[in-house]
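Please open the model in a viewer and keep the sequence panel visible. The stops below are given in the order in which they may be selected.

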Amino acid sequence: MEYRVCYLLLLLLRYGANGDVSYSVQEEMKRGSPIGNIAKDLNLDVGKLLPRNARVDAAGTRKRYCDINRSTGDLIISDRIDREELCGERPTCVIKRDIVLENPLELHPFSLHIQDINDNAPQFNDAFFKIEIQESAMKGARFVIEEAHDADVGQNAVQQYSLEKNDNFILAVNGNTVELVLDKELDREKQKEINLLLTAIDGGSPRRSGTVIIHVTVLDANDNAPVFSQAVYEASLPENSPLDTVVLTVSATDADEGVNGDVIYDFGHVSENVKKVFGIDHRKGEIKLISAIDFESIATYDLRIKAKDGLGLSSYTKVTIDVTDVNDNSPVIYVKSLANPVPENVSPGTEVGIVNVQDADSDNNQNVRCSIQQNVPFKLVPSIKNYYSLVTTGQLDRELVSDYNITITATDEGSPPLSSSKTVQLSVADINDNPPVFEEQSYSAQVSENNKPGSTLCSVSARDPDWRQNGTVIYSLLPGEVNGASVSSYLSVNGDTGVIHAVRSFDYEQFRSFKVHIMARDNGSPPLSSNVTVSVFISDVNDNSPQILYPAPEGSSFMTELVPKAAHGGSLVSKVIAVDADSGQNAWLSYHIVKATDPGLFTIGLHSGEIRTQRDISESDSMKQNLIVAVKDNGQPSLSATCAMYLLISDNLAEVPELKDISYDEKNSKLTSYLIIALVSVSTFFLTFIIIILGVRFCRRRKPRLLFDGAVAIPGAYLPPNYADVDGTGTLRSAYNYDAYLTTGSRTSDFKFVSSYNDNTLPADQTLKKSATEFSDAFGCCDDSPEDSHKPD
């Protein structure tokens, strides 16, 4: 907007009797806008502004609003300045600040006079104003209208009013009093209601305006407006007054009777902040305190009070409330500058700090005395205004005292007096006479194998009581070897933080621990150092899957286990053997059947891997049983391996050639066929020989209807090569051997399992061995059968 200028309007530069420099600037200037060259106005050397730490200082926590450019000496805007926020309706608005320089301490006060710009338009308290006038009102009768308010001041405030042209009213303005004057008598029969547009215009450039609609209702009665007993009310109120305190009571009377004479009190045009602090009793006119007030924030409140009768006639009065100060603010101590640490070789009388004390109260409540305790080699020397210099009073020796806690106490002169304290810590710098010291005598780190290169193992920390570079610690890895390789190929250390990182991935199966040495060195001259030992322990992770030793992996051989048809529930059939290269619980293995031809027929020991029958084998069970066994370890996450187990439920050798269907290796099919042909040929020859022998024996016993009597034991080792020999394979915990017999009267040459050498597997009384009675029934012989010689003991 045009009225928001972007450059500084320097209206006035003057020196008062006290030597203060004053500048006049417009509000709402942009940050960085120049105000003036204060270094030139104060005759300061621009080259010394930076070494002497020149700065703008504000009392307490107030905003500075401006800064000094140490390179040029210019005073520039640093914060937004809003005159209405800072000073409200006060005609003048002044900000007082100080320029502070150190070594030696200098204080130069200056003032900023904030000039108003036309950034606010006039506003009426309500957008719609009602007034009721008796029809018999005489020409020249006056009716007060609430004036408009403009947050700006001076020429930018409301300067004039204009009333929309009408037949009955004209406008009369006298200062802040705005009145409607009846210029022509009203006629209720012609016009019961009249709407008038009132406009308030300020004097800024460009001009701003605000409007309100006045709604006039013509009545038959009520020709008296309320009248206040005073044109201006004044009251004072201590800032620590409790809530609900009655500040004062306004009073207005109305000569009318009945509802026309009832007076209602309310606020006129006041800010929202005033309404939050004060409340008014609409019937009694009592103004009460409803929120805490603070003299240091606002010292005076101006209130506009309205009295209105029952039918709309109103009048206004002004209430001024002055807030009186009480000693409710303790002094506040600010350390403006502090040389920390202080070299131990400084001479007595050296300035090491600047302290400023502020008290927000006024008059005697604001006067402050400042002191420090007596047991330190420092004192406070009063300087300018509320500034003090902190200087040394004796020689400092860091070997005796390395740090000082200086307590500064400030007390005001109020009644009762209030005080506050602030502790300033000063350190004394020394030479490099202390080596770094590790926090622990030794360190240890745990790291899981297969770690990522660059991962953090642990950190070492050493402290050096010296100061600055003398106390700066640098960490390094001392040369050495680990497992025949340089230690730097395994670990690295951050020189600044002491964090130790892994350079490579570790393998628990190769080595489980090693030691390295870390050196901590300071930056002094000459440097001092110390060493510490770090032990690194490698922990196992589950990175190896179980390895199945039996049955052999697929593709290496074709193994099939024989299960007798007479096997009962709980009989041991086979065993899966597996190992795991990991250790601890990562090597704990468990066995599970994940797939089976008949899921209810076999079970496997959870930890032993033994495969047993769950029930007795029945005729309905399939001869060919395939099991898929999973071996899992106990790691997190768990790793597993699987194997296939092929079982044959059969007692008949003639069925052996058909087992080629179970084979899972197509590449070995020809070899298997050749082996089966050879086996059948040898078996045929052998069986022919046995039959001849048996025939001769039967002939000798004169039993012609039988060629042979009894059975001949077939060695257990004579089995087809594609069958697994369960004796001595390591699959079972002990050897399981069976005697196989062939009956001569059967073309199929059935297997007969007579005895077991392990009672837990197949008890002798549960085999398929035939009794003598059965042989007599089958072969017509019931006497001295040779088969009896094969009965178990």
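Begin at the surface by selecting Phe128, Leu197 and Ile213, which make a nonpolar patch of about 230 Å². A patch here consists of residues with over 30% relative accessible area and no salt bridge, with like charges joined within 9 Å and nonpolar side chains (Val, Leu, Ile, Met, Phe, Trp, Tyr) within 5 Å. Accessible areas come from the Shrake-Rupley method with a 1.4 Å probe, and for residues only the protein chains shown count as cover. Within this patch, Ile213 belongs to strand S15 (residues 209-219). Helices (H or I, at least four residues) and strands (E, at least two) are DSSP runs, numbered from the N terminus. Ile213 counts as partly exposed because its relative accessibility is 35%; the classes are buried (under 20% relative accessible area), exposed (over 50%) and partly exposed in between, with a 1.4 Å probe and protein chains only.

The model is a predicted one, in which local features need pLDDT of at least 70, side-chain atom pairs count only at pLDDT 80 or more, and totals for chains, interfaces and linings use all residues. Residues are numbered from 1 along each chain as its sequence is written, and side-chain values use heavy atoms, with hydrogens and water left out.

**A charged surface patch**

Next select Glu89, Glu234, Asp302 and Asp322, which gather on the surface as a patch of negative charge. For the sign of a charge, Lys and Arg count as positive and Asp and Glu as negative, while His and the chain ends are not counted. Its place is taken as NZ of Lys, CZ of Arg, CG of Asp or CD of Glu. Centre on Glu89, in the loop between helix H2 (83-87) and strand S7 (94-101). With a relative accessible area of 54%, Glu89 is exposed.

**Salt bridges**

Side chains of opposite charge can pair when their charged atoms come close. The whole structure holds 13 salt bridges, each defined as a side-chain nitrogen of Lys or Arg within 4 Å of a carboxyl oxygen of Asp or Glu.

Select Arg52 and Glu106: their closest N and O atoms are 3.0 Å apart in a salt bridge. The pair links distant parts of the chain, 54 residues apart, with Glu106 in strand S8 (residues 106-115) and Arg52 in the loop between H1 and S4. That loop runs between helix H1 (38-41) and strand S4 (55-57). Which of the classes, buried or partly exposed, applies to Arg52? Arg52 is buried, at 14% relative accessibility, whereas Glu106 is partly exposed at 23%. Adding Arg70 to the selection shows a C-alpha separation of 9.8 Å from Arg52, across 18 residues along the chain.

Move to Glu147 and Arg304, a salt bridge whose closest N and O atoms are 3.1 Å apart. Glu147 lies in the loop between strand S10 (142-145) and strand S11 (158-163) and Arg304 in strand S23 (residues 300-308), so this pair ties together parts 157 residues apart in sequence. Glu147 is buried at 11% relative accessibility, and Arg304 is buried at 19%.

Then select Asp598 and Arg615, whose side chains meet in a salt bridge of 2.9 Å, N to O. Asp598 is in the loop between strand S48 (589-596) and strand S49 (602-604) and Arg615 in the loop between strand S50 (610-613) and strand S51 (624-633), so the pair ties together parts 17 residues apart in sequence. Arg615 is partly exposed, at 30% relative accessibility.

A further selection, Glu28, Arg80 and Asp82, displays a network of salt bridges.

**Buried charges without a salt bridge**

Select Arg83 in helix H2. Arg83 is buried yet has no salt bridge, and Glu84, the nearest side chain of opposite charge, is 4.9 Å away. A polar atom of the Arg83 side chain lies 2.3 Å from the backbone oxygen of Arg90.

Finish at Asp540, in the loop between strand S43 (529-539) and strand S44 (547-550). What is the nearest side chain of opposite charge to Asp540? It is Arg512, 7.8 Å away, and Asp540 is buried with no salt bridge. The Asp540 side chain has a polar atom 3.0 Å from the backbone nitrogen of Ser583, and a polar contact of 3.1 Å joins the side chains of Asp540 and Asn586. A polar contact is a pair of N or O atoms within 3.5 Å; within protein, one must be able to donate a hydrogen and the other to accept it, and residues adjacent in sequence count only if both atoms are side-chain atoms.
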